[in-house]
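Here are a few exercises to work through with the model open. Try each one yourself before you read the solution.

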Amino acid sequence: MKALIVVDLQNDFLEGGALAVSDSDKIIPMINEIQPYFDLVVATQDWHPPHHQSFASEHPGHHVFDLIDLHGLPQVLWPVHCVQNTPGAAFSTQWDSRVVEAIFRKGMDKTVDSYSGFFDNGKRKDTGLAAYLLGRGVTQVYVAGLAADFCVYYSAMDAVDAGFKTYFLDFATQAISQQALEEAKVEMIKKGIQILNAKEAL
Ligand code: VGL
Ligand code: ZN
């Protein structure tokens with residue numbers, strides 16, 4: 001059983017959004033096109049309370065993209081994004097989300113950020129995604145969506161740890177930082193994740 005995890009395909013990460021990722025809009029038609037290749041499609045949704053501590057605005061004197069220590073974990077400070085029930089947190093209407101069988105929300109605890117769809121960054125809380133996939137008989141996990149160097153990357157790394165054969169769909173993701181993505185790819189390859197460069201590889 002092959003599952004596609006569509007990570008954070010939300011307006012704030014798309015063109016015009018609060019944390020817009022360059023060229024992110026172009027992955028939407030690609031994701032729509034590949035969804036039928038999978039036995040199961042699930043989604044993650046970044047879903048922050050208004051005063052989430054990953055927001056630079058919660059740290060006077062700091063700026064967006066500063067790196068701080070947040071309760072013992074390294075934290076990049078972000079613009080306010082994906083606030084619960086705001087239009088920026090909604091999925092793109094260009095995305096055909098009808099096939100999505102389950103949505104896993106993350107980032108709700110304001111004291112800790114949550115990049116992976118499986119755990120928060122402190123690995124304190126499990127979203128239940130791994131158990132859900134196992135319960136559905138999934139053995140292979142494919143990750144796509146936004147952002148390549150953060151939530152897609154961390155989700156892929158945790159998918160391997162949960163025992164899934166894992167594929168990073170490089171052609172269906174876009175990065176915030178190209179350099180961070182290159183470093184992430186090195187780590188993913190070390191961990192046995194397959195990087196797929198074109199839909200023909202599916
Ligand atoms: C993400 C930064 C902050 C992501 C979420 O979806 O990659 N990045 N929150
Ligand atoms: Zn976030």
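**Exercise 1.** Work out what geometry the four donor atoms around the zinc ion (ligand 2) make.

*Solution.* Keep in mind that this is a predicted model. Start with the angles: the four donor atoms subtend 90 to 168° at the zinc ion. Next, the cut-off: a tetrahedral label needs all angles between 85 and 135 degrees. The range up to 168° makes the arrangement irregular.

**Exercise 2.** Find the protein donors of the zinc ion (ligand 2) and place them along the chain.

*Solution.* First, pick out the atoms: D46 (OD), H48 (NE2) and H81 (NE2) sit 2.0 to 2.2 Å from the zinc ion. Then read their spacing, which is D-x1-H-x32-H. Now look at where the histidines fall: H48 is in the loop between β2 (40–46) and β3 (67–70), while H81 is in the loop between β4 (73–76) and β5 (100–106), so this pair ties together parts 33 residues apart in sequence. Finally, check accessibility: H48 and H81 are both buried.

**Exercise 3.** Describe the surroundings of strand β1 (residues 2–7).

*Solution.* Begin with burial: five of the six β1 residues are buried, so the strand is largely enclosed by the rest of the structure. Then go through its pairings. With β6 (residues 140–146), β1 pairs in the parallel sense over six bridges; there, L4 has Y142 as its bridge partner. With β2, the pairing is also parallel, over five bridges, and A3 is partnered by L40. Last, trace the connection: from β1 the chain passes through helix α1 (residues 27–34) to β2, a right-handed β-α-β crossover.

Notes
Residues numbered from 1 in each chain as written. Chains lettered and ligands numbered in written order. Predicted model: local features only at pLDDT ≥ 70, side-chain atom pairs only at ≥ 80, totals over all residues. Heavy atoms only, no water. Donors = N, O, S within 2.8 Å, 3.2 Å for Na, K, Ca; no water. Tetrahedral: all angles 85-135°; square planar, octahedral: opposite > 155°, others 65-115°. Helix = DSSP H or I, 4+ residues; strand = E, 2+ residues; numbered from the N terminus. Buried < 20%, exposed > 50% of the residue type's maximum accessible area, 1.4 Å probe, protein only. Pairing = 2+ DSSP bridges. Right-handed = clockwise from strand over helix to strand, strands pointing away.
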